Amino acid sequence: MDTEDKDSDRNGLNGSETKRTKTHIMEDMIDYSVIPPTLVATNVPNEVYFNEDEKLWFEAQFKKLGGPVTFQYFKSFHRVRINYQSGEESLAAKIAMDKRQMCGQEIGVYFIQIHPVSEGSQNLEPPEPDRQFLLSPPASPPVGWAPKKESEPVINYELLSALATLSPGESHELHPGDAGKPKIIVHTCENQEQDGPKLKIAHTKRPIA
């Protein structure tokens, strides 16, 4: 055997050993206890529900990846629930069967996260009241509540006196302007006394039915 062949064989062995080492490292890093053992297959073709041979072939594809395994068929939703015993088996089935062609259709395989019911009660408990806000005041006031006396209205006599000094029909400069700010001028209306009868507002006629 030539030196080049020996080097290539040695490199091939090193490469395969490296792949096996990486695979073992990844397997050691995976915590299978947190992986759900239940899967759901979506977009399952109709042949699986109506043809017994297709159904057995479908189940065989999942059974060879781990066992024991049970199946629950939901024909109306084109879905199948697959129940394994461990997360390691369900992970292997998802990797192998997801995006796989079956009877001309591509199925999808996803994990199902199951929320177990607490041992103390068999009923669904309401969520914890972390944040509760009253949308309306209570029907009766709490103990010790007393009405608060409203303060008297504040009358600004300086403003009233300034308004009284304004002469009708004249302009009054409130704030002088400069290069960067405009003037503030108030133009008061004149007192216009109306002679003669007051104008009446014409009423809209009722439409003819």
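These entries record what I looked up in a predicted model of one protein.

**Entry 1. Overall layout**

I began with the secondary structure and found 5 helices and 8 strands. Read from the N terminus, the order of elements is α-β-α-α-β-β-α-β-β-β-α-β-β. I then looked up burial: 17% of the 209 residues count as buried. The exposed surface of the protein comes to about 18,400 Å², and carbon and sulfur atoms account for 55% of that area. For contacts between residues at least 6 apart in sequence, I noted that 52% link residues at least 24 apart.

**Entry 2. The largest nonpolar core**

Which residues touch the most other members of the largest nonpolar core? I found Phe-58, Phe-62, Phe-71, Val-80, Ile-82 and Tyr-84 in that role, within a core of 17 residues. At least two residues of this core come from each of strand E1 (38-42), helix H2 (47-50), helix H3, strand E3 (79-83) and helix H4 (87-97).

I followed Phe-62 further. Residues up to four places away in sequence being set aside, Phe-62 touches Phe-71, Ile-82, Tyr-84, Ala-93, Met-97 and Val-109. Two of these partners, Ala-93 and Met-97, are buried residues of H4.

**Entry 3. Aromatic side chains**

I searched for aromatic pairs and obtained 5 in the structure. For Phe-58 and Phe-62, the ring centres are 5.1 Å apart and the planes meet at 55°, so I entered the pair as tilted. An angle over 60 degrees would have been needed for edge-to-face, and one under 30 degrees for stacked. Both residues belong to helix H3 (residues 52-63); they are separated by about one helical turn because they are 4 residues apart in that helix. Are Phe-58 and Phe-62 buried or exposed? Phe-58 is buried, and Phe-62 is likewise buried.

The two phenylalanines also belong to a wider group: Tyr-49, Phe-58, Phe-62, Phe-71 and Tyr-73 make up one aromatic cluster. At Tyr-73 I noted a charged neighbour, for Lys-55 lies over the face of the ring, 4.6 Å from its centre.

**Entry 4. Salt bridges**

How many salt bridges does a search of the whole structure find? The search returned 2.

One joins Lys-63 to Glu-59, with 3.8 Å between the closest N and O atoms. I looked up why these residues are about one helical turn apart, and the reason is that they are 4 residues apart in H3. Their exposure I entered separately. Lys-63 has 46% relative accessibility and therefore counts as partly exposed. Glu-59 has 12% and therefore counts as buried, since the cut-off for buried is under 20%.

The other is formed by the side chains of Asp-98 and Lys-94, at 3.6 Å from N to O. Asp-98 has a relative accessible area of 22% and is therefore partly exposed, whereas Lys-94, in H4, is buried.

**Entry 5. Helix H4 and its surroundings**

I listed the buried residues of H4 as Gly-87, Glu-89, Ser-90, Leu-91, Ala-93, Lys-94 and Met-97. Against which elements do the buried residues of H4 pack? They pack against E1, H3, strand E4 (101-102) and strand E6 (108-111). Just after H4, I found Lys-99 with a positive phi of about 65°.

**Entry 6. Positive phi in two loops**

I then looked up two further residues with positive phi. His-78 is not a glycine, yet its phi is positive, at about 55°. His-78 is placed in the loop between strand E2 (70-74) and E3. Its relative accessible area of 30% makes His-78 partly exposed.

Cys-103, also not a glycine, has a positive phi of about 55°. The loop that holds Cys-103 runs between E4 and strand E5 (105-106). With 37% relative accessibility, Cys-103 counts as partly exposed.

**Entry 7. Ser-171**

My last entry concerns Ser-171, which is found in strand E7 (residues 171-175). Ser-171 has 47% relative accessibility and so counts as partly exposed. Which residues are in contact with Ser-171, once its neighbours within four places in sequence are left aside? I found Ile-185, Val-186 and His-187. For His-187 I also looked up the backbone separation: its C-alpha atom and that of Ser-171 are 4.5 Å apart, although 16 residues separate the two along the chain.

Terms used
Residues numbered from 1 in each chain as written. Predicted model: local features only at pLDDT ≥ 70, side-chain atom pairs only at ≥ 80, totals over all residues. Heavy atoms only, no water. Phe/Tyr/Trp six-rings, centres within 6.5 Å; stacked < 30°, edge-to-face > 60°. Buried < 20%, exposed > 50% of the residue type's maximum accessible area, 1.4 Å probe, protein only. Lys NZ or Arg CZ within 6 Å of the ring centre and 35° of its normal. Salt bridge = Lys/Arg side-chain N within 4 Å of Asp/Glu carboxyl O. Contact = heavy atoms within 4.5 Å. Areas by Shrake-Rupley, 256 points an atom, 1.4 Å probe, with all protein chains shown as cover. Core = buried A, V, L, I, M, F, W, Y, C linked by side-chain atoms within 4.5 Å.
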